[in-house]
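Student: I should like a close look at one part of this model, with its surroundings treated afterwards. Please state the cut-offs behind each term as it arises.

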Amino acid sequence: MPRIDRIAEPWGSRTPYGPGETWPVRVDSYLADGLTEDDVDRWAQSATILHSNGDGLDIAVKDDRIVGVRGRAVDRVNHGRLGPKDLYGWQANNSPDRLTKPLIRRDGELVETDWDTAMDAVAGRCRELLDEQGPSSIAFYTTGQLFLEEYYTLGLIAHGGIGTNHVDGNTRLCTATAAAALKETFACDGQPGSYTDIDHADVIALYGHNMAETQTVLWTRILDRLAGPNPPQVVCVDPRETPVARAATVHLAPRPGTNVMLMNALLHEIIGNGWVDRDYVDAHTVGFDELAKRVEDYPPEVAAEVCDVPVEDIRKAARIIGHARRLLSTVLQGFYQSHQATAAAVQVNNINVVRGMLGRPGCGILQMNGQPTAQNTREAGADGDLPAFRNWSNDSHIKDLARVWNVDPMDIPHYSPPTHAMQMFRYAEEGSIRFLYVTATNPAVSLPELARIRSILAQDRLFLVVQDIFLSETAQLADVVLPAATWGEKTGTFTNVDRTVHLSEKAVDPPGEARPDLDILIDFAHRLDLRDKDGEPLVKWSDPEGAFEGWKECSKGRPCDYSGLSYDKLRGGSGIQWPVTEEHPDGTEHIYVDGQFWAEPSYCESYGRDLVTGAPLDGTEYRALNPSGRAVLKAAGYLPPHELVSEEFPFQLITGRTLYHFHTRTKTARAPQLQAAAPEVWVEMAASDAGDRGWAEGDLLEIRTPRGRVEARLRISGIRPGVAFLPFHYGYWDQPGGDRPDGHGRAANELTLTDWDPCSKQPIFKTAAAAVTRLAAGDGPSAAPTTTGSRPVSADVPPTRGGTAAEAVEVLAQGGAR
Amino acid sequence: MKLGLAIEELHRSENHLARVLLAVSDRHKADHEVFYVARDIAGWSQRHVTELARVGGDFGLDLDPEPEGEPGILEKIQQATSDLFGRRPEPGLLLLADLRHVHREAAGVSLDWELLAQAAQGARKRELLALAERCHPDTLRQMRWANAKLKESATQALVS
C-alpha cells in the first residue's frame, strides 16, 4: 500500500484530468495503531465533519471503538479523497477529556450530577422565566456542526413552542454573508453552483477564499485540473500569499476593508468593455442600468489607489473574467468577515449574472460555508430564519408553517427580523435575555472582543446552558453543562455547500452518559411540556429518522426540497444534491437553469435589505422592483472601514485560519498529528515591515488594540505590507487560565472590534487597527506551518512534517469510477 | 422666486439631521450597529450640505460648504456614559425615542427635497433638479433605516 505523510502533503498526489473529463478516483485512508482494513470489524457510512466540503467517508470500527477513516470512492464530492483534518481528526472522539456526565454549578463550582437534576434545572429555569418575563428572556445559540434533524427540532422548539425570536447559530460568524448575498441577488438562499463546475470551468475566481486550507479536497480537484491538459486560469483575491495565490494566474492583494472598491472596478471593466451577456441580462435580471451607472464611478485607477493594487493587475483580472467561457466564482471569509461584507459578496454574484454564467456546467457561484452543517443551520431554521427558506415577512408563509407544525400563526414570532447572535449578546448584556442555551459552539473564543463576551457570559443574572463534548472555555462559564454525543456516535444527515446531502450513521456508542443532541433537545421539550394547538406534544418524533420525515414534509414544495429523499436512499451510494423530488428523484446538479429563479414575490425567501443600512425591504417595495422574480443586480458604493490605522495603531489586523485546525481546536488539538503541525499561535507580517524594525523570524511580539493584547511569535510570510495576521483558533482550555488569559492573551479575538455588516449581521474580523511591538528576540523560528499560507519567506525554517505517525494510505484507481 | 429660501432651508435641515444622527450614534455606543450605521448615514447628510452650498452659489447664497462640526467633548462624554450604562435596560427605551426622532427629522428633510424638486421643475433648473434626484433617495433610506431599526428594537424594549 502506498503511504504518504499527509501533514507534509496536505493535498496528496496529483491525478491530472482535462476539461469535461471525470475526476479520477483516489481513495485515502488512515487507520490507527498499524491496523489494516482486514482488522476492521465494520464500517459506518458518514461524511467529513471538520470543514464544509462534505466528503463522503466510512468510519472504521474495531472492538466498538473508532479506529480510522476511509474516503468513499463512489461519492460525487470527493471521489475517495480526504483531507488531513479528516484523516486524523476523528481521534478526538476517543479523547479522555470527553464530557461523560452532566455538570451543574453549586457554590460557584461545576460539579457532576445526573441527567434528571441537570435537565430539571434547565427546563425549570426556562419555565420560570417564561412565566415571569415571557419568550423575550430566552435565547438559543447553536452551531454549524450539529445534524439537520437537530436543527429542525431546535427551531421547532424555539420558534413554534417557546415563541422566541432569539435563535441563531455561530454560522453568523461563518456563512451569514453567503446566505445574505444569495438572498440579495436571487431572493433566496441555495447555491447556484456545483463542485462539478470545477471539471468544466476555464476560469475559476476565488474571492477572499483560501480554498487550499479551508476545503482541501475541493482544492485538490482544482490542483488536478491545473496539472492536466487545458487547465483553467485562476484569479485570486487575498491579502496573503496563500497556496491559492501561488497557483493563480493573477493575484490581487487588496488593502483589507476595500473589497467593494475592487469589485466595483472589476465590474467597471467588465461592463465598460461590453463583456456582458445582454440577452441574458435583458431576459432575466432587473437593476442593470443602476449597476452600470454606479460602477462608472470606480475606474481601475481609483481602485488601484484605494486598494493599493497595481492597476494593470486589476485590468488583467477583469480581462480574464470578462473573456471566460465557463466561469466559476467562489467566495469566503476574506469577503464575509470583512467590511461591507454583503455588498462585496453581491458584486461577485453580479459578475456571474451580467456574464450569464449560471445554471450550466462550469458556470456557477459557490458562496462557501465554513462549517460542515452550516447549510442545514440555514435551511432548517436554526439561524433564526424560518425553516425551508420561508419568508418571515410573508404572512402566507407563516400560515403554511403553522399548518405544518399545527400551531397558531401568532405563536411563530415574525414581527421583525430574527435576532442575530451579536444582538442576542447585546440583549444579554443589558439584561433582557436571561437564559442562553448554547449548543456545540464556543463563543468565549470565537466571538469578537473577548473581554466583553466573557463578562456577558459570566453574569450571575444570565442562566447559561452549554451542550458540548468537551469542557470548552464557554462551558467553564456555564450554569449547566450537558455532555453530548458527536459525529460517529449518533445518526443524522447533513448538507454541504453544493447542496449534497449525506447520511452519517452511528458507528459506536457515546462515552459515559453522553447523549445525542437530538435526544437532549426532545427531553427539554417534554420537560417544558410544549404542545401543539390540539394539545398533542409539539415534537412528534423521538429519533433522527422521524425528525427527517418531519423535515421532508416541511421542506416539500420549497427550494430546498428533501421530499424525494430517505435514509434508505442515502445509504450505500453517493450523497445526493437537493432539491430531490418525485420529478427529480436523483437530485439536481444545477439550479437556476435558463434563468429560472426562486425570486417570485410570493415564493421568495427574502425581499432583500439595504446594503448600507441593513433595513429590510417590505413586500410592496420588492414587488414593485421585481414583479416577475428575476435576479436582482444590486449596486453598492464603497465606504471606508470603521476602524482606520493611525500613528498609535499603524497595522491592519486580520484574523483567519490554518489548514490543520478547526474553529477553537477543541477537536483538532486533540489529534496529535494536527496539533503537532500547528501547536501554537503565531503572527504573520511582511518581510519589509519586519526588516524596517529589525525584527526576525521567531521574535516574540505583542499585538495590541484598544480592546486587548496578544503575544505571538513572528512568522515572516508573503502577506502584504502593513497587515498583521493572527490565526483565531488558539484559546485557553489547554492553558493555565482555562477560560481566559492568565497573564498575556493568545486568542486573536481579544483584539477584534465589535462591529458587523448591517445586512448579513456577520461580525467583522478583518479590519481592526493594531500596534505591534517586540518583547524579545526569538531563539528559533515560530511554530507556524510551512506548507500553507503561513509559508516562511526564509529558507532556514524546518518544513512541517508529520513523520511516520502521519503516514496515510493513498490508492489510485485504475480507470475512472464516476 | 423663493428658490433660495428652499435651498437655505434644506441646507439647515440637512445640517441638523447630520447632527441628530451623530448625537444618536454617540448616545448608543454600546449598541454597535446603531453607533456605526448612524455615523455612516450622517455622512450622506453632510455630503448633501456641501452640494447644497455649492449649488446655492448660483442663487446668490453664501452657505457654508463645511458640515457643522464633529462631536465635541460633550458627545465624547455621552459615548463613555453609553458604555458605562450598557448594562442597564433603560437605553432600550431611549433608543426607541431617538429613532423616532431621527425618523421625524428625516421625514422633514424628505419633504424639503420634495419642495425643492417641485420648484426646480417649475423653474426649469436642471442642475437643481438633478441634485434633488441624487440626494433625496439617501434621505428616504435614512428614514427607512430609522423605521426598520425602530420596528426591530421595539419588541424587546417594550415586552421585557
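Student: How much area does chain B expose, and what percentage of it do carbon and sulfur atoms supply?

Tutor: Chain B exposes about 7,900 Å², and carbon and sulfur atoms supply 55% of that area. Accessible areas are obtained by the Shrake-Rupley method with a 1.4 Å probe, and for residues only the protein chains shown count as cover. This is a predicted model, in which local features need pLDDT of at least 70 and side-chain atom pairs count only at pLDDT 80 or more, while totals for chains, interfaces and linings use all residues. Residues are numbered from 1 along each chain as its sequence is written, chains are lettered from A and ligands numbered from 1 in the order in which they are written, and side-chain values use heavy atoms, with hydrogens and water left out.

The mean pLDDT of chain B (the predictor's confidence in each residue, from 0 to 100) is 91, and 86% of its residues score at least 70. Chain B contains five helices and zero strands, in the order α-α-α-α-α along the sequence; helices (H or I, at least four residues) and strands (E, at least two) are DSSP runs numbered from the N terminus. Within chain B, confidence is highest in helix 2 (residues 32–56), at a mean of 97, and lowest in helix 3 (residues 73–84), at a mean of 66. Where pLDDT is low, the predicted coordinates should not be read in detail.

Of the 160 residues in chain B, 49% are buried; buried means under 20% relative accessible area, exposed over 50%, and partly exposed in between (1.4 Å probe, protein chains only). Among contacts in chain B (heavy atoms within 4.5 Å) between residues at least 6 apart in sequence, 80% join residues at least 24 apart.

The interior may be considered next. A nonpolar core is a set of buried Ala, Val, Leu, Ile, Met, Phe, Trp, Tyr and Cys residues joined through side-chain atoms within 4.5 Å. The largest such core has 230 residues, and those with the most contacts inside it are A:Ile162, A:Tyr207, A:Phe435, A:Tyr437, A:Phe524 and A:Leu726. Helix 10 (residues 259–272) of chain A contributes the largest share of this core, nine residues. Apart from that core lies another, of 38 residues, which includes B:Leu17, B:Ile41, B:Val102 and B:Ala106. In soluble globular proteins, nonpolar side chains tend to be buried together. Residues up to four places away in sequence being set aside, the neighbours that A:Ile162 touches include A:Cys126, A:Phe140, A:Phe524 and A:Leu530.

Chain A also carries a recorded domain. UniProt, in an unreviewed entry, places the feature "domain: 4Fe-4S Mo/W bis-MGD-type" at residues 41–97 of chain A; UniProt positions are given in the numbering used here, feature names are shortened, and annotations may be inferred rather than shown by experiment. This span is 11% helix and 35% strand, and its end C-alpha atoms lie 26 Å apart.

Two histidines of chain A deserve attention. A:His51 lies in the loop between strand 3 (42–47) and strand 4 (56–62) of chain A, and it counts as buried because its relative accessibility is 4%. The side chain of A:His51 makes a polar contact with the side chain of A:Asp86 at 2.9 Å. A polar contact is a pair of N or O atoms within 3.5 Å; within protein, one must be able to donate a hydrogen and the other to accept it, and residues adjacent in sequence count only if both atoms are side-chain atoms. A polar atom of the A:His51 side chain also lies 3.0 Å from the backbone nitrogen of A:Asn53. A:His79 is found in the loop between strand 5 (65–71) and helix 1 (84–89) of chain A and is buried, with a relative accessible area of 4%. Its side chain reaches the backbone oxygen of A:Trp23 at 2.8 Å and that of A:Arg76 at 3.4 Å.

Finally, some backbone geometry. Most residues other than glycine have a negative phi, and most peptide bonds are trans. A:Asp33, not a glycine, has a positive phi of about 55° and counts as exposed because its relative accessibility is 72%. A:Arg665, also not a glycine, has a positive phi of about 65°, and at 0% relative accessibility A:Arg665 counts as buried. The peptide bond from A:Trp578 to A:Pro579 is cis, with omega near -5°.
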